[in-house]
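Please open the structure in your viewer and keep the sequence panel beside it, since this tour moves from one selection to the next. At each stop, make the selection first and then read what is to be found there.

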Amino acid sequence: FEKQQPDPAAPNAETAMAEYYRKFVDIRAADAHSVLDQLETLNKSDKRFAGRLDLEHVGVLGHSIGGVAAAQAAKIDKRFKAAANLDGHAASKPLFTDGEPLDRPFLHMGDPFPPDRTAAATTGDTKAPQGATNDSPMMRFEQAMKSISAPSYSVWVTGAIHQSFSDVPLLTPGGTAKKLRILAVVRAYL
């Protein structure tokens, strides 16, 4: 797997970037599947864990592109009973919509979209914001969410930025009240 992102100035940059992220997501989804396989093995035969793991209630979550991978893992492995994506997008979509639809409960949490996409997210209006096209980022997001055949939810956290859903804010100085508020919102939903 090539770790170097494609050149955004290349003539085929959009296609190359989509392929790059798809490989990244598929590798992480396969990793989640392998972890669950290993947990099953430990629950059967490891003296420390045997019979102690509740593998009937396992969810998968990730941040950034790992959030897209979490949705993909739930699509390919039905042992995952739910998926959560913390501010992850691939081409403005919180999950890949090819193949079978995601049939597990799904939560997407993220920082608010830019103004042209915020109207639909904050008012609950699922129609395109004025001036949006069928291929606008908000429309791609909404179409992806509608492709899910199980209950799905989007939570937009005002004041958050992409890294708000990682450990980074808690490890850097300043803005403690805001960081703790965002953490409380995330914890309330997860």
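## First stop: D87

Select D87, which counts as buried because its relative accessibility is 3%. The model on your screen is a predicted one, and D87 is found in its loop between strand 2 and strand 3 (106-110). Now show the side chain of H162 as well, and you will find a polar contact of 2.6 Å between the side chains of D87 and H162. If you widen the selection to whatever D87 touches, leaving aside neighbours within four places in sequence, you will pick up S64, H108, M109, G110, D111, H162 and F165. A distance label may be added here between the C-alpha atoms of D87 and A160, which are 73 residues apart along the chain and separated by 9.9 Å.

## Further along the loop: A91 and S92

Stay in the loop between strand 2 and strand 3, and select A91 together with S92. What is the sign of phi at A91? Phi of A91 is positive, near 55 degrees, in a residue other than glycine, and phi of S92 is likewise a positive value, near 70 degrees. Is A91 buried or exposed? A91 counts as exposed, at 56% relative accessibility, whereas S92, at 14%, counts as buried.

## The loop before strand 2: R79

Next, select R79, in the loop between helix 2 (65-76) and strand 2 (80-86). Show the side chain of H33 too, because the next item to look for is a polar contact of 3.4 Å that joins the side chains of R79 and H33. Apart from neighbours within four places in sequence, the residues in contact with R79 are H33, L36, D37, E40 and V58.

## Into the core: F80

Move on to F80, which, not counting residues up to four places away in sequence, touches A32, H33, L36, V58, G59, V60, A73, A74 and R104. F80 is also among the residues with the most contacts inside the largest nonpolar core, a set of 23 residues in which V60, L95, F106 and I148 are named alongside it. To see where this core draws its residues from, colour helix 1 (13-45), strand 1 (58-63), helix 2, strand 2 and helix 4 (137-146), each of which supplies at least two of them. Another core, of 10 residues, lies apart from this one, and you can locate it by selecting A84, L107, V155 and V186, which are among its members. In soluble globular proteins, nonpolar side chains tend to be buried together.

## Out to the surface: Y189

For a nonpolar group on the surface, select L61, Y189 and L190, which make a patch of about 330 Å². Y189 lies in helix 6 (residues 176-189) and is partly exposed, with a relative accessible area of 49%.

## Stepping back: the whole chain

Finally, clear the selection and show the chain as a cartoon, where six helices and four strands can be followed in the order α-β-α-β-β-α-α-β-α-α along the sequence. Of the 190 residues in the chain, 38% are buried, and the accessible surface comes to about 11,100 Å², with 55% of it belonging to carbon and sulfur atoms. Among the contacts in the chain with a separation of 6 or more, 54% are between residues 24 or more positions apart.

Technical notes
Residues are numbered from 1 along each chain as its sequence is written. This is a predicted model: local features need pLDDT of at least 70, side-chain atom pairs count only at pLDDT 80 or more; totals for chains, interfaces and linings use all residues. Side-chain values use heavy atoms; hydrogens and water are left out. Patches are made of residues with over 30% relative accessible area and no salt bridge: like charges are joined within 9 Å, nonpolar side chains (Val, Leu, Ile, Met, Phe, Trp, Tyr) within 5 Å. Accessible areas come from the Shrake-Rupley method with a 1.4 Å probe; for residues, only the protein chains shown count as cover. A salt bridge is a side-chain nitrogen of Lys or Arg within 4 Å of a carboxyl oxygen of Asp or Glu. Helices (H or I, at least four residues) and strands (E, at least two) are DSSP runs, numbered from the N terminus. Buried means under 20% relative accessible area, exposed over 50%, partly exposed in between (1.4 Å probe, protein chains only). A polar contact is a pair of N or O atoms within 3.5 Å; within protein, one must be able to donate a hydrogen and the other to accept it, and residues adjacent in sequence count only if both atoms are side-chain atoms. Contact means heavy atoms within 4.5 Å. A nonpolar core is a set of buried Ala, Val, Leu, Ile, Met, Phe, Trp, Tyr and Cys residues joined through side-chain atoms within 4.5 Å.
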